[in-house]
Amino acid sequence: MAAINRDDVAHLARLAHIEMSPEELDRMAGELAVIVDSVKSVSEAAGADVPATSHPIPLSNVFREDVVGHTFAAEQALSGAPDSFEGRFKVPAILDEE
Amino acid sequence: MSVAAILSFEEAMEKYDPVLGFEVHVELNTKTKMFSSAPNVFGDEPNTNVNEVDLGMPGVLPVVNKAAVESSIKIGLALNCKIAESCRFARKNYFYPDTPKNFQTSQYDEPIAYDGYLDIELEDGTVFRVEIERAHMEEDAGKLTHMGGATGRIQGADYSLVDYNRAGVPLVEIVTKPIEGAGSRAPELAKAYVAAIREIVKNLGVSDARMERGNVRCDANVSLRPHGRERFGIRSETKNVNSLRAVEHAVRYEIQRHAAVLDSGEPVIQETRHWHEDTRTTTSGREKSDADDYRYFPEPDLVPVNASREWVEELRATLPEPPAARRKRLQADWGYSDLEFRDVVNAGVMDSIEETIAAGASASVARKWWMGEIVGRAKTADVEPSELGVAPATIVELNQLVEDGKINNKMASQVLDGVLAGEGTPAEIVEKRGLAVVSDDGPLLEAIDAALAAQPDVAEKIRGGKVQAIGAIVGGVMKATRGQADAGRVRELILEKLGVEG
């Protein structure tokens, strides 16, 4: 059983900006441990000769030519914003970071 | 805000050895963004150069800009890097309103370029090799403006406004290996390194490279260790260092600040510092903690970039001559001394001189004009010499007029004024302003007689063999002819008249 404790889950929850109750932390610690174990068994199935896969389809170099396409008008861009001011998104003051 | 204690730079250098490291972000000047077809344009109305990809809407699919990849490879090659045969993008996860997706698409374990170097020439000619760890592709973030509060700074702001026009603009981040051994020249090296990067990306044509617009931005890492110790000290990372002068000042300041902290027996805190141009100091940003737990993982919406060797070689063949090599070649071709050449470079007239020589002037004539008449006028007009509006052909023509004895240097200067005032070509101005040198000996001889009569004692000295006294007579003649005589011819005539060998 992988060692995922309550503190690990609390840390992840904070990084992901998810509020979790003590009960949820306990339950999630157990569930995540099972998930990590499952992933681990997949890792064991792949030998050293199998490269890590980040994409299921063996494609590379999917490029776009450098040609200007469509844009939104500012009103469209802001249409889903909770708040805006003079063509810009308005967000709460950020005091604890940069 | 408390002011940090600092040691004098000299004392800091006596006690400690600085180690530097730089992360320079270069905005590419592609027409569109890194992963979307929205335009990459500076200065437009807020939130008008965005589409669903830049705003991080659900279900959208980013597509890599091929031109941005090519520019990145060119930068890697210009920095003597290896180009990865295969590389991929990764998500750097963090919550901050400048990034609507809540992650920045970047590269993590597989940068497109790695293991390079750049030879940096300091002002006195010392060459310092800076090793490049990597150069990777990523996207820029949106621009935040903090509103309210007293200072416009984030502390005390009431709210922030976000413009996502910059979000998704292609960036290449160039990361150095730790730079050791710079000693007291660390601040100078810092400035020269960033200047070299800026020059290279500008020369490659892959970035507008305007620091005042944020096209080239530098984060400077500084740590100190006692002399002789191998292990690095704890570093600080100063952000927001966005001019060449500021890079030099920030590194110098951080060295002085670290030295004072270490002297007090305290450990340096590993943290982000913010540079303030107004006070030329840094202040503490956030401490590096789990805010730096970015949980990178491979970007599932983008497939790997494979740079075939053929493609890389094709791109290599398009690279222009590196700026440093070009300078060396031009100096050798022109036969300028180190000092002369440095002055030319610092005055910003190297390209103009090259064009003037190509137009038919000799290297010394081109330098004389650009460094003399033109640099002076540019300074008065407060513009770059190259922007003054002097065409290389004008200089060639002016010089020809002087060499043919049609005008003298003083008149040539007046003719140049005429050219800049839009009065026509040099020949036309000579005609219009009646500036031709008086070459008819008749009026000259009259003037010479008058000058000799006015200064009989000088005339006597010259007759007696003191030829150097002739200046006073020549001066009198030039005055009488209002500067329109050929001084060389005047001298000849005076000597002839007095029967003295020159």
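Here are some questions and answers about a predicted model of two chains, A and B.

Student: Let's begin with chain A. How many helices and strands are in its secondary structure?
Tutor: Happy to start there. From the N terminus on, the elements of chain A run α-α-β-α-β-β. Its secondary structure comes to three helices and three strands.

Student: Why is chain A described as more spread out than a compact globule?
Tutor: Begin with the box that its C-alpha atoms fill along the principal axes, roughly 55 × 45 × 25 Å. Buried residues make up 8% of the 98 residues in chain A. For 98 residues the globule rule gives 13 Å, so chain A is more spread out than a compact globule, with a radius of gyration well over that value, at 22 Å.

Student: Where does chain A touch chain B, and which element gives the largest share of that side?
Tutor: Contact here means C-beta atoms within 7 Å. By that cut-off, 34 residues of chain A are in contact with 44 residues of chain B. Two or more residues each come from α1 (6-15), β1 (63-64), α3 (74-78) and β3 (88-92) of chain A. The largest share, five residues, comes from β3(A).

Student: What classes of residue does that side of chain A have?
Tutor: Still on the side that touches chain B, seven residues are charged and 10 are polar. The nonpolar residues there number 17.

Student: Which strand of chain B pairs with β3(A)?
Tutor: The pairing is antiparallel and runs over four bridges. One of the bridge partners is B:Y159, which goes with A:P92. The strand that holds B:Y159 spans residues 159-163 of chain B and is β10(B).

Student: What is the strand order of the open sheet that includes β3(A) and β10(B)?
Tutor: Let's build it up from its pairs. In chain B, five bridges join β9(B) to β10(B) in the antiparallel sense, and B:H146 stands opposite B:S160 in β10(B). At the edges, each pairing on one side only, are β2 (84-85) of chain A and β9 (143-147) of chain B. Put together, the four strands have the order β2(A)-β3(A)-β10(B)-β9(B).

Student: Now for chain B. How many helices and strands are there?
Tutor: Chain B has 502 residues, of which 40% count as buried. Among its contacts with a separation of 6 or more, 68% are between residues 24 or more positions apart. Its elements come to 16 helices and 17 strands.

Student: What is the radius of gyration of chain B, and why does it count as spread out?
Tutor: Along the principal axes, its C-alpha trace spans about 95 × 55 × 50 Å. The globule rule gives 23 Å for 502 residues, and the value for chain B is well over that, so the chain is more spread out than a compact globule. The radius of gyration is 31 Å.

Student: How far apart do the C-alpha centres of domain 1 and domain 3 of chain B lie?
Tutor: The domain assignment of chain B gives domain 1 (9-295), domain 2 (323-414) and domain 3 (441-498). Between the centres of domain 1 and domain 3 of chain B, the separation is 67 Å.

Student: Which residue in the turn between β7(B) and β8(B) has a positive phi?
Tutor: First, the strands: β7(B) and β8(B), residues 127-139, pair in the antiparallel sense over eight bridges. One bridge partnership there is B:G116 with B:I132. The two strands form a hairpin with five residues between them, and the turn residue with a phi of about 95° is B:G125.

Student: Which strands are at the edges of the sheet β6-β5-β16 in chain B?
Tutor: This open sheet has antiparallel pairing. Two bridges link β5(B), residues 90-93, to β16(B), and B:R91 has B:F297 as its bridge partner. Pairing on one side only, the edge strands are β6 (103-106) and β16 (297-298) of chain B.

Student: What are the end C-alpha atoms of α4(B) apart, and how does that fit its 20 residues?
Tutor: Helix α4(B), residues 244-263, is mostly covered, with 16 of its 20 residues buried. Just after α4(B), B:G265 takes a positive phi of about 90°. At 1.5 Å a residue the helix should span 28 Å, which agrees with the distance between its end C-alpha atoms, 29 Å.

Conventions: Residues numbered from 1 in each chain as written. Chains lettered and ligands numbered in written order. Predicted model: local features only at pLDDT ≥ 70, side-chain atom pairs only at ≥ 80, totals over all residues. Contact = placed C-beta atoms within 7 Å. Nonpolar A, V, L, I, M, F, W, Y, C, P; charged D, E, K, R; others polar. Pairing = 2+ DSSP bridges. Rg over C-alpha atoms; globule rule 2.2 N^0.38 Å. Buried ≥ 20, exposed ≤ 12 C-beta atoms within 10 Å, placed from the backbone. Expected span 1.5 Å × (residues − 1). Domains from an automatic or database assignment.
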